[in-house]
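Visitor: I am new to this structure and would like to understand the terms used to describe it. May I ask for the reasoning behind each one?

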Amino acid sequence: MVQRTGTLQTFRQVAYRTLFKHNSTGVLFVIGGAIAGEALIHTTLDSMWDSANKGKLAKDVLPKE
């Protein structure tokens, strides 16, 4: 078996020891990443939608009270 050396192998070792050695930390990492990713995508797409439809949305057209 060929042993790899370098940054990628070191990253894999650190990631395994830190995040995936125990099932509980791996699950928390995956769930946390999913929540953070969803929030990022939601914010980005809302911003793109508002930019593309500026002046056509109810918040732009209806009078402010």
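Guide: Certainly. This is a predicted model, and buried residues make up 6% of the 65 residues in the chain.

Visitor: What makes a residue count as buried?

Guide: A residue is called buried when its relative accessible area is under 20%. By that rule, 6% of the 65 residues in the chain are buried. The chain exposes about 6200 Å², and carbon and sulfur atoms supply 65% of that area.

Visitor: Which pattern does the chain follow along the sequence?

Guide: The pattern is α-α-α, with three helices and zero strands in the chain.

Visitor: Why is the chain called more spread out than a compact globule?

Guide: The globule rule gives 11 Å for 65 residues, whereas the radius of gyration of the chain is 22 Å; this is well over the rule, and the chain is therefore described as more spread out than a compact globule. Along the principal axes, the C-alpha atoms fill a box of roughly 70 × 25 × 15 Å.

Visitor: Why are F20 and F29 called an edge-to-face aromatic pair?

Guide: Two rings pair if their centres lie within 6.5 Å, and planes over 60 degrees apart count as edge-to-face. The centres of F20 and F29 are 5.7 Å apart, with 90° between the planes. Both conditions are met, and the pair is therefore edge-to-face. A search of the whole structure finds one aromatic pair.

Visitor: Why is F20 called partly exposed?

Guide: Partly exposed lies between the limits of 20% and 50% relative accessible area. F20, which is placed in helix α1, has a value of 41% and so counts as partly exposed. F29 has 42% relative accessibility and therefore also counts as partly exposed.

Visitor: Which residues make the nonpolar surface patch?

Guide: Y16, F20, F29 and V30 make this patch of about 410 Å². Helices α1 (7-20) and α2 (23-52) each supply at least two of its residues.

Visitor: How do you know that D50 and K59 form a salt bridge?

Guide: The rule asks for a side-chain nitrogen of Lys or Arg within 4 Å of a carboxyl oxygen of Asp or Glu. The closest N and O atoms of D50 and K59 are 3.1 Å apart, so the rule is satisfied. The count comes to one salt bridge. D50 has 30% relative accessibility and hence counts as partly exposed.

Visitor: Where in the chain is confidence lowest, and where is it highest?

Guide: Confidence is lowest in α1, at a mean pLDDT of 86, and highest in α2, at 96. The mean pLDDT of the chain is 89, and 92% of its residues reach 70 or more.

Terms used: Residues are numbered from 1 along each chain as its sequence is written. This is a predicted model: local features need pLDDT of at least 70, side-chain atom pairs count only at pLDDT 80 or more; totals for chains, interfaces and linings use all residues. Side-chain values use heavy atoms; hydrogens and water are left out. Rings of Phe, Tyr and Trp (its six-membered ring) pair if their centres lie within 6.5 Å; planes under 30 degrees apart count as stacked, over 60 as edge-to-face and the rest as tilted. Buried means under 20% relative accessible area, exposed over 50%, partly exposed in between (1.4 Å probe, protein chains only). Patches are made of residues with over 30% relative accessible area and no salt bridge: like charges are joined within 9 Å, nonpolar side chains (Val, Leu, Ile, Met, Phe, Trp, Tyr) within 5 Å. Accessible areas come from the Shrake-Rupley method with a 1.4 Å probe; for residues, only the protein chains shown count as cover. Helices (H or I, at least four residues) and strands (E, at least two) are DSSP runs, numbered from the N terminus. The radius of gyration is taken over C-alpha atoms; the globule rule is 2.2 Å times the number of residues to the power 0.38. pLDDT is the predictor's confidence in each residue, from 0 to 100.
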